[in-house]
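Could you walk me through this model in the viewer? I would like to know what to select next and what is there.

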Amino acid sequence: MDSKRVIVALDFPDAGSALAAAARLDPSLCRVKVGKELFVSAGPAVVSQLHERGFEVFLDLKFHDIPNTVAGACRAAARLGVWMANVHASGGAAMMRAAREAVAAFARPPLLIGVTILTSLSDAELGEVGLAGTAAENVERLARLAAASGLDGVVCSAEEASLLRGALGAGFVTVTPGIRLAGEAKGDQSRVVTPEEAVRRGAHYLVIGRPVTQSPDPAATLQQIARSLAGEKVRS
Ligand code: C5P
């Protein structure tokens, strides 16, 4: 298993502040995530600048479009050399297969991850968009579809990580946000777990934003998290 489990979310409005935050992180202890805000303002250049500084990048743009368009976007992400990219599983099997085929020819293709159900959606809101059943049922169905369509894993909560590990096996990658350090305020995240607990529940990678980036000493916080995870095992 990959010992570098932490992905620090660089949720910043411009390249300057993202690179300043990255300068306080050790690329041997974490990867970084570039999301929509940073990518729309700073473009692919910021991804290259992070690569030059030794970071592997999760390009979190959640592609969702017709198969040909998503394939083109995934090919462009692979050309940029990102370590991980993601698409919405609800785009369908043909779209996910097209994404997989688009990156297959690259020597080091990005890990392709599916977004199942956005955790911001309540069960009532799922009904409004026409999805029957609970969020958990929809997550499992979409994760199975993602696996069958050749994706490497999904974004999910720590709770779902243990369910999916049972359903799809330990090799199916789970990427888990909603992490807070013990004793820390939840902020706008509603269901949170500690890094250790997320790993015990089977999460492969942990997306951690503000607990690291807003820490008075991001390097020390990251080191503390990495150390706390070193001995953690999945609870069976
Ligand atoms: O600062 P914080 O640790 O809450 O950041 C979490 C990161 O994970 C953000 O970039 C956010 O967009 C992302 N995310 C999330 N919940 C999800 C999916 C992604 O918080 N369900």
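## Starting at a loop

Select Gly187 first: Gly187 is exposed, at a relative accessible area of 64% (exposed means over 50%, buried under 20%, partly exposed in between, with a 1.4 Å probe and protein chains only). This is a predicted model, in which local features need pLDDT of at least 70 and side-chain atom pairs count only at pLDDT 80 or more, while totals for chains, interfaces and linings use all residues. Residues are numbered from 1 along each chain as its sequence is written, and side-chain values use heavy atoms, with hydrogens and water left out.

Gly187 sits in the loop between β7 and α9 (195-200); helices (H or I, at least four residues) and strands (E, at least two) are DSSP runs, numbered from the N terminus. Now add Pro211: Gly187 and Pro211 are 24 residues apart in sequence, and 9.9 Å separates them in space, C-alpha to C-alpha.

## On to Thr221

Pro211 is also one of the residues that Thr221 touches, along with Leu181, Val212 and Ser215, not counting residues up to four places away in sequence (contact means heavy atoms within 4.5 Å). You will find Thr221 in helix α11 (residues 218-230). Thr221 counts as buried because its relative accessibility is 9%.

## The largest pocket

Next, select Thr119, Pro177, Gly178, Gln189 and Val207, which lie nearest the centre of the largest pocket, among the 41 residues that line it. A pocket is an open set of points on a 1 Å grid over the protein atoms alone, where a 1.4 Å probe fits, with protein on both sides within 12 Å along at least five of seven lines; lining residues have an atom within 4 Å of a point. The volume of this pocket is about 1,000 Å³, that is, the space filled by probe spheres set on the points, with grid points joined across faces, edges and corners.

To see the walls, colour β2 (30-35), β3 (57-63), α8 (158-168), β7 (173-176), β8 (205-208) and α10 (210-213), each of which supplies at least two lining residues. The lining divides into 16 nonpolar, 13 polar and 12 charged residues. Here Ala, Val, Leu, Ile, Met, Phe, Trp, Tyr, Cys and Pro count as nonpolar, Asp, Glu, Lys and Arg as charged, and the others, Gly among them, as polar.

## Strand β3 and a backbone detail

Stay with β3 and pick Lys62, which belongs to this strand. Lys62 has a positive phi of about 45 degrees, although it is not a glycine. With a relative accessible area of 24%, Lys62 is partly exposed.

## Helix α3 and the core

Now move to helix α3 (residues 44-52), where Val46, Val47 and Leu50 are buried. They are on the same side of α3 because they cover an arc of only 105 degrees around the axis, taken from the directions from the helix axis to the C-beta atoms. Their cover includes α1 (15-22), β2, α2 (36-42), β3 and α4 (67-80). Just after α3, Gly54 takes a positive phi of about 95 degrees.

Keep Leu50 selected and add Leu10, Leu25 and Val87: these four touch the most other members of the largest nonpolar core, which has 60 residues. Such a core is a set of buried Ala, Val, Leu, Ile, Met, Phe, Trp, Tyr and Cys residues joined through side-chain atoms within 4.5 Å. Helix α7 (residues 135-148) gives the most to this core, with five residues. Apart from it lies another core, of 10 residues, including Ala9, Trp83, Val173 and Val175.
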